[in-house]
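Biologist: Please take a close look at the surroundings of the ligand, and then place them in the rest of the model, with the cut-offs behind each term.

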Amino acid sequence: MCLKYLFFITLISNNLFAQTKNFGYINPVIAGMNPDPSVCRVGEDYYAVTSTFQWFPGVPVYHSKDLVHWELIGYSLHMKSQLNLEKGSGIYAPVIRYNNGVFYMVTTNRRNGENFYVTAKNPAGPWSNPVWVSQEGIDPSLMFDEDGKVYFTCTHPDGILQREIDIGSGTFLTEPKIIWSGTGGRYPEGPHLYKISNVYYLMISEGGTEYGHQVVIARSNNPWGPFENNPDNPILTHRNKNAQSNIIQGVGHADLVQAHDGSWWTLFLGFRQKGSHHHTGRETFLAPVAWLGNGWPLINSTGTVELKMNVATLLQYKYPSVDKRCAFDAEALPLEWNFIKNPDSSAYSLTNRKGWLRLKGGSGTLVDNKQVTFTGKRQTDLVFSAETLLDFNPSGQNEEAGLSVYHRNNGHYDLFVRKEKNERFIVLRYTIGSLIHEQQKIKLTNGSVFLRAEGIAEKYNFSFSQDGKQYRNMGNMDSRLISSETLGGFVGVYIGLYATGNGKHSLSNADFDWFEYEGKDK
Ligand code: 6LW
């Protein structure tokens with residue numbers, strides 16, 4: 001063949017390859033607190049949801065074209081009528097499924113009504129009011145079978161429980177049945193039932209959502225079992241020696257999806273830890289799945305994953321990155337901004353002072369686990385810097401406003417402005433369980449204050465400035481003291497802006513001109 005044609009054919013085939021596949025990606029694919037991921041595919045579009053606990057709005061919906069890059073498009077719980085956070089511990093593991101033109105998101109409002117689902121035609125919303133179902137337990141999942149039957153499968157103290165459900169009304173058609181209890185690991189949970197090549201697969205997690213976490217799978221010809229245990233379980237875990245020095249730990253709570261090119265993938269949770277502690281929460285990771293000749297799946301060939309994944313992927317589509325600076329010029333806060341519990345909308349304004357976020361402190365404080373005037377976004381990077389410009393003249397000594405590195409009400413570091421007698425001070429305070437310590441207090445002159453928090457994996461550093469040029473160090477503190485290992489719970493750090501009247505309503509407004517967050521991990 002003439003060389004010219006050979007060159008031409010090579011060019012075409014390279015181009016064809018380039019149009020259908022890419023290689024390599026970085027985990028986590030949805031960084032910051034995004035545990036218990038669930039994923040579904042509609043054509044060539046992928047949608048994922050994650051748990052949100054006491055944060056509002058609840059259960060973000062992410063969209064992707066390649067499973068690697070995800071963009072936040074909305075929330076499935078965007079109204080108080082769907083998500084009342086006055087009591088209980090909020091939203092646990094959600095599942096997203098698509099059937100006959102309708103999206104379903106099923107989840108648990110823990111100890112506040114328990115299990116329910118919402119539906120939408122458009123995954124970006126609006127989503128319906130909740131359909132409550134009368135079954136206790138957590139981690140509910142739905143499976144739409146080809147014969148029209150729908151299975152509701154959840155975690156129950158007795159094991160993995162299943163019932164057939166009438167998805168139109170939310171009433172159960174069968175009594176509860178325990179269908180599997182896993183392979184003996186503690187906390188069998190996060191079940192998903194799939195029908196793949198006419199076989200029912202039940203994938204669950206065990207070992208607890210810490211360092212012993214693992215994913216196991218069983219199969220049956222019948223959705224009710226008996227389920228045959230995969231002799232090669234667990235199919236995903238970092239509990240063993242081969243992963244002991246991996247920065248990613250606690251992998252588990254996985255969901256499977258078949259991509260539009262026929263390849264199989266799993267989204268699952270894990271955390272990035274340094275020195276046996278992690279503070280950014282459980283995040284969402286991606287790994288390829290291969291089906292072996294014996295009909296069992298293999299995750300990433302070793303059952304372990306890395307930050308840098310050297311595998312073929314779908315053709316990658318990157319989204320424009322989220323702006324690092326939020327100027328508070330728009331009518332609404334950016335989508336990724338969340339509130340602690342159901343917000344009191346009268347405490348937040350972007351219009352009262354144009355171009356500024358105005359917060360009004362209420363009686364709720366950062367420590368009392370009640371509604372508090374706070375809005376922020378996830379810490380998505382172990383290495384980051386965040387800054388804001390605050391204009392705040394407190395009327396009384398009870399009023400404070402500032403920047404908080406906030407994990408939970410029992411663990412946060414706050415850099416804020418307060419009044420004492422007739423003088424204003426900047427204060428750095430650490431709250432670690434019942435230990436509340438004021439590290440540093442410096443008198444301010446008149447005018448606005450730049451508040452800055454910077455993180456490396458092991459530490460946070462706090463500084464301030466009154467001219468935006470010269471910064472004074474306020475102190476630095478270990479990240480492990482506000483880690484999940486220290487504080488407990490299921491969440492991760494947010495960086496937020498807040499105001500409180502510490503038991504009373506504040507008279508003064510706290511005005512924030514802009515907020516900047518620059519992540520430095522990827
Ligand atoms: C969730 C359980 C779990 O309900 O943690 O890691 C709980 N898995 O399945 C809360 O995220």
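Modeller: The answer below begins with the model itself, turns to the ligand, and then follows the strands and some backbone details. This is a predicted model, in which local features need a pLDDT of at least 70 and side-chain atom pairs count only at pLDDT 80 or more, whereas totals for chains, interfaces and linings use all residues. Residues are numbered from 1 along each chain as its sequence is written, and side-chain values use heavy atoms, with hydrogens and water left out.

The pLDDT, which is the predictor's confidence in each residue on a scale from 0 to 100, averages 95 over the protein, and 96% of the residues score at least 70. Helices (H or I, at least four residues) and strands (E, at least two) are DSSP runs, numbered from the N terminus. Confidence is lowest in helix H1 (residues 3–20), with a mean of 43, and highest in strand S3 (residues 45–49), at 99. Over residues 1–18 the pLDDT is below 50, and beyond near neighbours in sequence this stretch has three contacts in the model, a contact meaning heavy atoms within 4.5 Å.

Around the ligand there are 13 residues, of which Asp36, Asp139, Thr209, His253 and Arg282 are the closest; a residue counts as near when one of its heavy atoms lies within 4 Å. By class, this shell holds six nonpolar, three polar and four charged residues, where Ala, Val, Leu, Ile, Met, Phe, Trp, Tyr, Cys and Pro count as nonpolar, Asp, Glu, Lys and Arg as charged, and the others, Gly among them, as polar. Strand S7 (90–99) and strand S11 (138–144) each supply at least two residues of the shell.

Several polar contacts can be given with their distances, a polar contact being a pair of N or O atoms within 3.5 Å; within protein, one must be able to donate a hydrogen and the other to accept it, and residues adjacent in sequence count only if both atoms are side-chain atoms. A polar side-chain atom of Asp36 lies 2.5 Å from an oxygen atom of the ligand, and an N or O atom in the side chain of Thr209 is 2.9 Å from an oxygen atom of the ligand. For Glu189, the side-chain N or O atom is 3.2 Å from a nitrogen atom of the ligand. Taken alone the ligand exposes 290 Å², and the protein buries 99% of that, with accessible areas from the Shrake-Rupley method and a 1.4 Å probe; for residues, only the protein chains shown count as cover.

S7 also belongs to an open, antiparallel sheet of four strands in the order S7-S8-S9-S10, two strands being paired if DSSP finds at least two bridges between them. S7 and strand S10 (131–132) stand at the edges with a single partner strand each, so one side of each is left without a neighbour in the sheet. Inside this order, strand S8 (residues 102–110) and strand S9 (residues 114–120) pair in the antiparallel sense over seven bridges, and Thr108 stands opposite Asn115 in S9.

The loop between S9 and S10 contains Pro126, which is joined to Gly125 by a cis peptide bond with omega about 0 degrees. A cis peptide bond also joins Asn233 and Pro234, with omega about -5 degrees. Ser276, in the loop between strand S22 (264–272) and strand S23 (283–291), has a positive phi of about 70 degrees although it is not a glycine.
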